[in-house]
Amino acid sequence: MLTTSVQAQTIEVVTEEWPPYNYTQQGKVLGTSTDILREALESTGFSYSIRSFPWARAYEMAKTRSNTLIYTIVRTAQRENTFKWVAEIQPPEPTFLYKKADNEHVIVTSLEEAKAFAVVAVRSAYTEQKLKELGFSEDQNLILTGDPFLATRMLMSGRADLYAEAASNLPSILEKEKVSEKSLKPAVFVMENKFFAAFSLETDDAVVERLRQGIEKITARDGTLEPKYSYIGQ
């Protein structure tokens, strides 16, 4: 049972443009993750606002402001102590380095071989952190950009050879960019992702636990976390 003071707190929810999980349409933040978070927040009685920002800004806000919730965020070892992790909100899935299907010059069978090519990833995203951990660097083979749509355009225009992206995210990005799914194919597996909602460290533990219960009730009811591995080039 939440105390009146805890329940009265307003939660600032921040996210990015990452369809199908979270995206803005006609001024409203929508998406499969957004639906879960809205229902959970409303069922637990919290007042809240949801806003979409470039990922780097949303990430910084969630790190430094109390009562701030960020989603959809991949849980990694590097981020473990940066947030209070609430609950998984999407099924796990793989991330690949994608290439243009007709680019015969980019031949890679391992992440080590991929270091010989220009790889684009979204700045401050888990892909940047993972690639740097694997030895990629901005002064050699890593290009960072502000959003996945620009990253896609860079790949298609030849300004990048490979693009690091989550499997289920790519179809929505390609649809918005009017690029055929047949134009890309996975070249190298990077990692398996687990998608979470997470609070800033300054957030009251009672708030975190209350929302965790609300989310887990929804995902258990709907079977949300059952793996759905189906991706371009499969």
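Reader: Where along the chain should I look for Asn141?
Author: This is a predicted model, where local features need pLDDT of at least 70, side-chain atom pairs count only at pLDDT 80 or more, and totals for chains, interfaces and linings use all residues. Residues are numbered from 1 along each chain as its sequence is written, and side-chain values use heavy atoms, leaving out hydrogens and water. Helices (H or I, at least four residues) and strands (E, at least two) are DSSP runs, numbered from the N terminus. On that count, you'll find Asn141 in the loop between α5 and β8.

Reader: Is Asn141 buried or exposed?
Author: The scale here is relative accessible area: buried is under 20%, exposed is over 50%, and partly exposed is in between (1.4 Å probe, protein chains only). Asn141 has a value of 5%, so it counts as buried.

Reader: And which residues does Asn141 touch, leaving aside its neighbours within four places in sequence?
Author: Contact means heavy atoms within 4.5 Å. With those neighbours set aside, the partners of Asn141 are Lys115, Phe117, Ala118, Val119 and Phe136.

Reader: What about Val108, is it buried or exposed?
Author: Val108 is in a loop too, the one between β6 (83-100) and α4 (111-114). Its relative accessible area is 10%, so Val108 is buried.

Reader: Which residues is Val108 in contact with, leaving aside its neighbours within four places in sequence?
Author: Leu97 gives you a first bearing: Val108 and Leu97 are 11 residues apart in sequence, with 9.7 Å from C-alpha to C-alpha. As for contacts beyond those neighbours, Val108 has Glu113, Ala114, Phe117, Leu162, Ala187 and Val188.

Reader: In what order do the strands of the open sheet run?
Author: Two strands pair if DSSP finds at least two bridges between them. The sheet is an open one of 8 strands with mixed pairing, and its order is β4-β1-β5-β10-β6-β9-β7-β8.

Reader: Which strands stand at the edges of that sheet?
Author: Look for strands with a single partner. Two have just one side without a neighbour in the sheet because each pairs with a single strand, and they are β4 (47-52) and β8 (142-145).

Reader: By what angle are neighbouring strands of this sheet turned against each other on average?
Author: Axes are lines fitted to C-alpha atoms, for helices over the stretch in contact, and angles run from 0 to 180 degrees between N-to-C directions. For neighbouring strands in this sheet, direction is ignored, and the average is 25°.

Reader: How many residues of β5 are buried?
Author: Strand β5 has pairings to follow: it runs parallel to β1 over 3 bridges, and antiparallel to β10 over 4 bridges. Glu12 stands opposite Thr68 of β5, while Ile73 has Phe196 of β10 as its bridge partner. β5 is mostly covered, and of its 7 residues the buried number is 7.

Reader: At about what angle does helix α3 run to β5?
Author: Helix α3 takes in residues 55-64 and lies across β1 (10-15), β4, β5 (68-74), β6 and β10 (184-200). Helix α8 (residues 205-222) lies across β1, β5, β6 and β10, at about 60° to β6. For α3 against β5, the angle is about 130°.

Reader: How far apart are the C-alpha atoms of Pro92 and Glu192?
Author: Pro92 belongs to strand β6, and at 15% relative accessibility it counts as buried. Glu192 is 100 residues away along the chain, yet the two C-alpha atoms are separated by 6.7 Å.

Reader: What is the omega of the peptide bond from Tyr71 to Thr72?
Author: Most residues other than glycine have a negative phi, and most peptide bonds are trans. The bond from Pro19 to Pro20 is cis, with omega near 5°, and Pro20 lies in the loop between β1 and β2 (23-25). Thr72 is in strand β5. The bond from Tyr71 to Thr72 is cis as well, with omega near -20°.

Reader: What is the phi of Lys178 near?
Author: Lys178 lies in the loop between α7 (170-176) and β10, and is exposed at 76% relative accessible area. Ser124, in the loop between β7 and α5, has a positive phi near 70°. Lys178 also has a positive phi, near 60°.
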